[in-house]
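Here are my notes on this structure, point by point. Please keep the coordinates open while you read.

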Amino acid sequence: MENHRGVVSTWQLTSILISSMIGVGILSLPRSASEKLHEMGWLGPFIGGLIAMFPLIAIVYLSREFPGRTFVEYSPLIIGGERHQKIGRILCFPWFLVFFSFQFLNAGMVARGFGEVVVTAVLLETPLEAILISLFLIVLFLCMHEIDVVARVNELLFPIMLIPVFLIPYVTLRKADWNNLLPLHLDSWSELFKTGINTFSLYTGYELLMIFCGFAIPGAKIGLATCFSLVFTIISYVLTAAAGIVVFGYEELQNMIWPTLELVKTAQKTGWFLERLESAFLAIWVASVFTSLGNMYYTTIYGIRLVFGKGIRFQRMMAIILIFPFYYITLLPQNIVEYFAYTKHLTYFGYLTTVFIPVLLATIQWFRKQKTDESYDSKKGVT
């Protein structure tokens, strides 16, 4: 495996990170964020973003310690050291299994969420399976290419994805009742913490940097890209949650399945020329879902390729083989209630893979480096 494969620029890393974090979860965000915090629900995604900040710092640190290497390649070096890489690889194998299993399951829930939105809001008579199969074929085509193609696809679709992000707050200005944000008071700090933990799942996708950072070009500003992406995503989520609260109020939000979509519908009464703005919104939003799903599924397939040290042919074969169990997992929830239950359980699984693993690896590497520096200084002093 070659040590440096710089093909991803700073802007492409930014596009990949934001595209991976902003996905299907934004449509139900105002409801889930205000469920326990009520009019202070906009604080939920803010706390969730602060939680995501710590593993992101760890990932950036690891990318600087091991430039040109992915999570699969530097983990054995951290656990086993330079002399015992094979032992480190064996010890890390369960971590690889857990990490890529989460990406696989998370991608499945993203696809299911997309299908549920489409069949309940736009294509009411279209079978869910037909929508999912169409989406899978596009994702499968993406997996037939190398990682530079994925980076360019994210870079191309990212500007399109920004349209609904900025559209949502704008269309709600005329319908806003700012009294819905009052009083500015927290009834329970524990509920704030619980909501932050639950809304953390909105940010899952940032852990894909553990793979993509290994392909950054020399001199790429990974820290800048990460900081900008996280701040942008936090602002987008906070504005979306606040927009839902000021328009509908937290009580009415609890009766909506996709409140963000209902926000877009309010624009019909504000003089827009489109009769059904939510259809145009969903058409643009498809780009966001495709990049989130495509990045997660591609990372799973590419990660398996890295673990076994194979080439592009192996990657294509695995992409085709795994699409069948992937289809089964996507259809596992029997209804929308079970879908939300599955995603909630997946949130806690995500803490293990997206928070614990990068933070633990960064901690071990930091202590290992400190020990090495102390050993070097002592030898230099003896000399």
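1. A term first. Buried means under 20% relative accessible area, exposed means over 50%, and partly exposed covers what falls in between. Note also that this is a predicted model.

2. Start with helix H4, residues 71–80. How many of its 10 residues are buried? Nine are, so the rest of the structure largely encloses this helix. The buried residues of H4 are Phe-71, Val-72, Glu-73, Tyr-74, Ser-75, Pro-76, Leu-77, Ile-78 and Gly-80. Gly-81 follows H4 and has a positive phi, near 80°.

3. Phe-71 of H4 turns up again in the packing. The largest nonpolar core holds 117 residues. Which of them touch the most other members? They are Phe-71, Tyr-203, Tyr-206, Trp-285 and Tyr-297. Take Trp-285 as one case. Leaving out residues up to four places away in sequence, Trp-285 touches Gly-23, Val-24, Ile-26, Leu-27, Phe-114 and Val-117. There is also a second, separate core of 10 residues. Its members include Ala-176, Val-246, Leu-253 and Met-256.

4. Now the largest pocket. Its volume is about 860 Å³. The lining has 35 residues. Nearest the pocket centre lie Asn-198, Ser-201, Phe-340, Thr-343 and Thr-347. Six helices give two or more residues each to the lining: H1 (10–21), H2 (29–37), H5 (85–121), H8 (189–199), H13 (277–308) and H15 (336–382). Which element gives the most? H15 does, with eight residues.

5. The chemistry of that lining is mixed. By residue class, the lining of the largest pocket has 16 nonpolar, 15 polar and four charged residues. Anyone setting up a calculation on the pocket will want this breakdown at hand.

6. Salt bridges next. How many does a search of the whole structure find? The search finds four. Side chains of opposite charge can pair when their charged atoms come close. Three of the pairs are taken up below, in points 7 to 9.

7. Glu-116 and Arg-112 meet through their side chains in a salt bridge, at 2.8 Å from N to O. Both are in helix H5, four residues apart, so about one helical turn separates them. Are these two residues buried or exposed? Glu-116 has 9% relative accessibility and counts as buried. Arg-112 has 3% and is buried too.

8. Glu-146 pairs with Arg-305, and their closest N and O atoms are 3.1 Å apart. Where do the two partners lie? Glu-146 is in the loop between helix H6 (128–142) and helix H7 (147–171), while Arg-305 is in helix H13. The salt bridge therefore ties together parts that are 159 residues apart in sequence. Glu-146 is partly exposed, at 31% relative accessible area. Arg-305 is buried, at 10%.

9. Asp-148 and Arg-152 form a salt bridge within helix H7. The N to O distance is 3.3 Å. The two residues are four apart, about one turn of the helix. Asp-148 is partly exposed, with a relative accessible area of 24%. Arg-152 is partly exposed as well, at 46%.

10. Back to helix H13, which also carries Thr-300. Thr-300 is buried, with 2% relative accessible area. What is Thr-300 in contact with, leaving aside neighbours within four places in sequence? The contacts are Phe-100, Gln-103 and Phe-104.

11. A backbone point on His-38. This residue sits in the loop between H2 and helix H3 (43–65). Its phi is positive, near 60°, and it is a residue other than glycine. His-38 has 25% relative accessibility, so it counts as partly exposed.

12. Last, a residue in helix H6: Ile-138. At 46% relative accessibility, Ile-138 is partly exposed. How far apart in space are Ile-138 and Ile-234, C-alpha to C-alpha? The distance is 29 Å, and the two residues are 96 apart in sequence.

Note on methods: Residues numbered from 1 in each chain as written. Predicted model: local features only at pLDDT ≥ 70, side-chain atom pairs only at ≥ 80, totals over all residues. Heavy atoms only, no water. 1 Å grid on protein atoms, 1.4 Å probe; cavity = no way out; pocket = protein on both sides within 12 Å on 5 of 7 lines; lining within 4 Å. Points joined across faces, edges and corners; volume = space filled by probe spheres on them. Nonpolar A, V, L, I, M, F, W, Y, C, P; charged D, E, K, R; others polar. Buried < 20%, exposed > 50% of the residue type's maximum accessible area, 1.4 Å probe, protein only. Contact = heavy atoms within 4.5 Å. Core = buried A, V, L, I, M, F, W, Y, C linked by side-chain atoms within 4.5 Å.
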